[in-house]
Amino acid sequence: MQIDFANLKETHRHYQQAIEESILKVAREANYIMGEEVSKLEEELVDFIGGGYAITCGSGSDALLLALLALGIKSGDEVITTPFSFIATAEMIALLGAKPVFVDISLKDYNLDVHLIEHKITAKTKAILAVSLYGQPPQLNLLEAMARKYNLKLILDGAQSFGAEFLGKKDSLYGDIATTSFFPAKPLGCYGDGGAVFTKDKALALKIASLRIHGQKERYVHQYIGIGGRLDALQAAILRVKLRNFKEVIQKRNFVALQYAKYLNKDSLVLPKILEDRTSTFAQYTIRVKNRAKLILELKNMGIPTAIHYPLGLHLQECFRGLGYQKGDFLVCERVSQEVLSLPMNPYLSEEQIQWITHNINQRI
């Protein structure tokens, strides 16, 4: 049995007629940059999350960069963040000349451990950049309280979690700014790169909208130093089709996760745990296992693909060597990075396929 990890082809087949019609509509109108599809998508994203403002952009990385620029993060500033994430989380901080200050993660959800933040705050600290890893938000109420206490800005990197909730509210509505990614393999993905920035602050929303078009406030009049970070109309049109059914997609991803939990051997594996005060979009279904390399090879031989999100903490990446971190600085992150293994996750996995995957895992651990 051959298993498709993200099954993007089936996703397209599922929405094929509506998506192809929307693409043709954009092509016929030849309105490729900004325009009606983008503005309507932004309105629909706001409706979906339940308030605030949505500003679409060219990628999840652009979204992070726009958030940092909008909040005035600059050279010499410090931003507290997690070492256990995709490189873009800390990369965008460093790109502006600011310093990523890493704090270890919690074993409960692999997100930033809020209780370790306080002693890392200095006079140079300007913001906390937290991540909703694997689709589950971090402890956003405590993060907001910490930010208020020390007059810091709070950014949520929700690249994997658009649609997830914390205390009954979409995680995109927390903090000063939240971001997401519409990379094709994300729960809500387009057919290329794409992203969005969310805020409840109108002034910030206007600034972000300007920053994504080179800081322009009117044609050829530039208020800020910005970037070329627009989402194109073709991607917006595709996302509008998929957004209409996105609640159902989240439900299906959660059902797949429940099936994994039903069939996997809990005595030999650590399964993901969704904490009681939040929901997850299950961007990944990530277990922890001791014999990872051997299991990956054996599953590959059975036609079962896997992935590692993420094999090396950011503090140990060569590009951050100048920060002075060493192996042993973040023990939870380092332990987890050696054990995590992401299993196939998409809304079209059948129970038969899940039984096949889990049977092969249970037989080999």
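This is a guided tour of selected helices, loops and single residues in a predicted model.

**Helix pairs**

Begin by selecting helix α2, residues 36-49, together with helix α7, residues 233-243, which pack at an angle of about 35 degrees with their axes 8 Å apart. On the α2 side the contact is made by Glu37, Val38, Lys40, Leu41, Glu44, Leu45 and Phe48, and on the α7 side by Ala233, Ala236, Ala237, Leu239, Arg240 and Leu243. Colour these residues by class, and the contact of α2 with α7 divides into nine nonpolar, no polar and four charged residues. If you turn the view to look along the line between the two axes, the crossing in which α2 passes α7 is left-handed.

Next, select helix α3, residues 60-70, and add helix α6, residues 202-211; these two pack at an angle of about 125 degrees, and their axes are 9 Å apart. That angle makes α3 oblique to α6, and the crossing of this pair is right-handed. To see where they touch, show the side chains of Leu66, Leu69 and Ala70 in α3, which meet Leu204, Lys207, Ile208 and Leu211 in α6. By class, this contact of α3 with α6 has six nonpolar residues, no polar ones and one charged residue.

Keep α3 selected and replace α6 with helix α4, residues 88-95, whose axis comes within 9 Å of that of α3 and crosses it at roughly 45 degrees. The two helices α3 and α4 are therefore oblique to each other, and their crossing is right-handed. Here α3 contributes Ser61, Leu64, Leu65 and Leu68 to the contact, while α4 contributes Ala88, Thr89, Met92, Ile93 and Leu95. The residues of this contact of α3 with α4 divide into seven nonpolar, two polar and no charged.

**Buried residues and their neighbours**

Now select Ser172, which has its place in the loop between β7 (169-170) and β8 (177-181). Ser172 is buried, with a relative accessible area of 5%. Once neighbours within four places in sequence are left aside, Ser172 is in contact with Ile49, Phe162, Ala178 and Phe198.

A second serine to select is Ser280, found in the loop between α8 (246-263) and β12 (285-288). Its relative accessible area is 3%, so Ser280 is buried. Not counting residues up to four places away in sequence, Ser280 touches Tyr134, Gly135, Gln136, Ala164, Ile250, Asn254 and Ile274. For a sense of distance, draw a line from the C-alpha atom of Ser280 to that of Leu116: the two residues are 164 residues apart along the chain, and these atoms are separated by 23 Å.

Then move to Ile354, which lies in helix α11, residues 351-362, and which counts as buried at 1% relative accessibility. Apart from its neighbours within four places in sequence, Ile354 is in contact with Val256, Gln259, Tyr260, Tyr263 and Leu349. A line from Ile354 to Glu91, C-alpha to C-alpha, spans 36 Å, and the pair is 263 residues apart in sequence.

**Cysteines**

Select the cysteines and show their sulfur atoms; the count of disulfides comes to zero. Cys190 is in no disulfide, and the nearest cysteine sulfur, that of Cys57, is 10 Å away. Cys190 counts as buried, at 2% relative accessibility, whereas Cys319 is exposed, with a relative accessible area of 56%. The closest cysteine sulfur to that of Cys319 is in Cys333, and because the two are 14 Å apart, they are too far for a bond.

**Backbone features**

The last stops concern the backbone, where most residues other than glycine have a negative phi, and most peptide bonds are trans. Select Ala30, in the loop between α1 (8-29) and α2, which has a positive phi of about 55 degrees although it is not a glycine. Ala30 is partly exposed, with a relative accessible area of 47%.

Continue to Tyr110, which has its place in the loop between β3 (99-102) and β4 (125-131); its phi is near 65 degrees, a positive value in a residue other than glycine. Tyr110 is buried, with a relative accessible area of 5%.

Finish by selecting His309 and Tyr310, where the peptide bond from His309 to Tyr310 is cis, with omega near 20 degrees. Tyr310 lies in the loop between α9 (292-301) and α10 (331-337).

Key: Residues are numbered from 1 along each chain as its sequence is written. This is a predicted model: local features need pLDDT of at least 70, side-chain atom pairs count only at pLDDT 80 or more; totals for chains, interfaces and linings use all residues. Side-chain values use heavy atoms; hydrogens and water are left out. A disulfide is a pair of cysteine sulfur atoms within 2.5 Å. Buried means under 20% relative accessible area, exposed over 50%, partly exposed in between (1.4 Å probe, protein chains only). Axes are lines fitted to C-alpha atoms, for helices over the stretch in contact, and angles run from 0 to 180 degrees between N-to-C directions. Helices (H or I, at least four residues) and strands (E, at least two) are DSSP runs, numbered from the N terminus. Angles under 35 degrees count as roughly parallel, over 145 as roughly antiparallel, 65 to 115 as roughly perpendicular and the rest as oblique. A crossing is left-handed if the near helix is turned anticlockwise from the far one by less than a right angle, and right-handed if clockwise. Contact means heavy atoms within 4.5 Å. Ala, Val, Leu, Ile, Met, Phe, Trp, Tyr, Cys and Pro count as nonpolar, Asp, Glu, Lys and Arg as charged, and the others, Gly among them, as polar.
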